[in-house]
Amino acid sequence: MKVTGFTYMRNSFLYGYPVIESIKSVLPLCDEFIAVVGKSIDGTREAIEAIGSPKIKIIDTEWDPQLTSGGKIFAQQANIGLKAATGDWAFHIQSDEVIHEEDIPEIRQALKDNLDNEQIDGFLFKYLHFVGDYKHIGTTRKWHSQEIRILRNKPEVFSYRDSQGFRKYSSEDAYNNEEKGEKLKVKRLNARIFHYSYCRNPYLLGGKVKKFKSYYNANKSSTQDYYDQSELFDFHSVIDVLSPFTGTHPAVMQELIAKQDWEFKYDASRGSFTPRHKFLYEVEKITGWRIGEYKNYKLVK
């Protein structure tokens, strides 16, 4: 059995992504790791090289500023990594995602057990979304509860939409013509993705959010990078309600967590719910059922 990890990134340090921790967290599971590195000015490529692992293969790219509609640039970059993978399984980890070393045995065993089971296209991971700091998580429907992160490496599989998930297509032309494709059949794991998208210095996050939005706006050039870190991001602008996190973070994150250089104070009174989402949240708390949750997969028991 061979496992390929793959990710993409560009100017990760400029925007505060834990890209090195992300890569290091999955390396123990991987026989090779494909890092698709967009042209950067902040030392991202050099830092990945400095990890010093012979498993890592770097593919250099130039991000096309015209691919701004619906985050297409993210899917394009993910597909470059996926199509370079030579493993039986492909593990897609994004630059703000980290796995916990405690979950590696479960993941490895699931891959071995299902290697010859062609009815299984991939695996779902649970998500922990850290918001504001490393002690608070978003647990409402605003934050996706699970997503595909490991898939069987098949030529008919492509990144779906903005690389959030994956689907099968009858041909590359069908994919390029934006046909809907076929959802992957997956098993759910207990393994977790620690997602740190909204857990970083708020000045760096302010630039990241501006840049991220430009990749979804077809009328806005995405060539500009936001070096001016004078705009403080308001964490509460993305918060409805947060829950305390009392578990442990991955070991690779400990040094970064110790260096936290901002303070976050959660103010529950600033949380914003629509009446509908408030009702659905209360139902979910009581029943554990997230009504109407979007599922880009077919779950196999």
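The structure holds 19 salt bridges, a salt bridge being a side-chain nitrogen of Lys or Arg within 4 Å of a carboxyl oxygen of Asp or Glu. Side chains of opposite charge can pair when their charged atoms come close. The model is predicted, so local features need pLDDT of at least 70 and side-chain atom pairs count only at pLDDT 80 or more, while totals for chains, interfaces and linings use all residues. Residues are numbered from 1 along each chain as its sequence is written, and side-chain values use heavy atoms, with hydrogens and water left out.

**Salt bridges**

Three of the pairs are listed here, including the separation of their N and O atoms.

| Pair | N to O separation |
|---|---|
| Arginine 152 and glutamate 118 | 3.9 Å |
| Lysine 154 and glutamate 118 | 3.6 Å |
| Lysine 278 and glutamate 282 | 3.1 Å |

Glutamate 118 lies in the loop between α4 (104-113) and β6 (122-131), and arginine 152 in strand β8 (residues 146-152), so their salt bridge ties together parts that are 34 residues apart in sequence. Helices (H or I, at least four residues) and strands (E, at least two) are DSSP runs, numbered from the N terminus. Lysine 154, in the loop between β8 and β9, is 36 residues from glutamate 118, and this pair also links distant parts of the chain.

How accessible are these side chains' residues? Buried means under 20% relative accessible area, exposed over 50%, and partly exposed in between (1.4 Å probe, protein chains only). Arginine 152 is buried at 6%. Glutamate 118 is partly exposed at 44%, and lysine 154 is partly exposed at 29%.

Lysine 278 and glutamate 282 both belong to helix α8 (residues 275-287); because they are 4 residues apart, about one helical turn separates them. Lysine 278 is partly exposed, with 39% relative accessibility, and glutamate 282 is partly exposed with 27%. Elsewhere, Arg45, Glu49 and Asp60 are joined into one network by salt bridges that share partners.

**A sheet and a helix**

Strands of a sheet pair through backbone hydrogen bonds, either parallel or antiparallel. Here, 3 strands form an open sheet with antiparallel pairing, in the order β9-β10-β11. Two strands count as paired if DSSP finds at least two bridges between them. The edge strands, β9 (157-160) and β11 (182-183), each pair on one side only. Between β9 and β10 (residues 165-168) there are 4 bridges, and serine 159 stands opposite phenylalanine 166 in β10. Helix α3 (residues 72-84) packs on this sheet and touches β9 and β10; its direction makes about 155° with that of β9. For that angle, axes are lines fitted to C-alpha atoms, for helices over the stretch in contact, and angles run from 0 to 180 degrees between N-to-C directions.

**Asparagine 201**

Asparagine 201 sits in the loop between β12 (185-198) and α6 (202-214). With a relative accessible area of 13%, asparagine 201 is buried. Leaving aside residues up to four places away in sequence, asparagine 201 touches Asp261 and Trp262, where contact means heavy atoms within 4.5 Å.

**The whole protein**

The protein has 8 helices and 14 strands. Of its 301 residues, 51% are buried. Among contacts with a separation of 6 or more, 78% come from residues 24 or more positions apart. The C-alpha atoms fill a box of roughly 50 × 50 × 40 Å along the principal axes.
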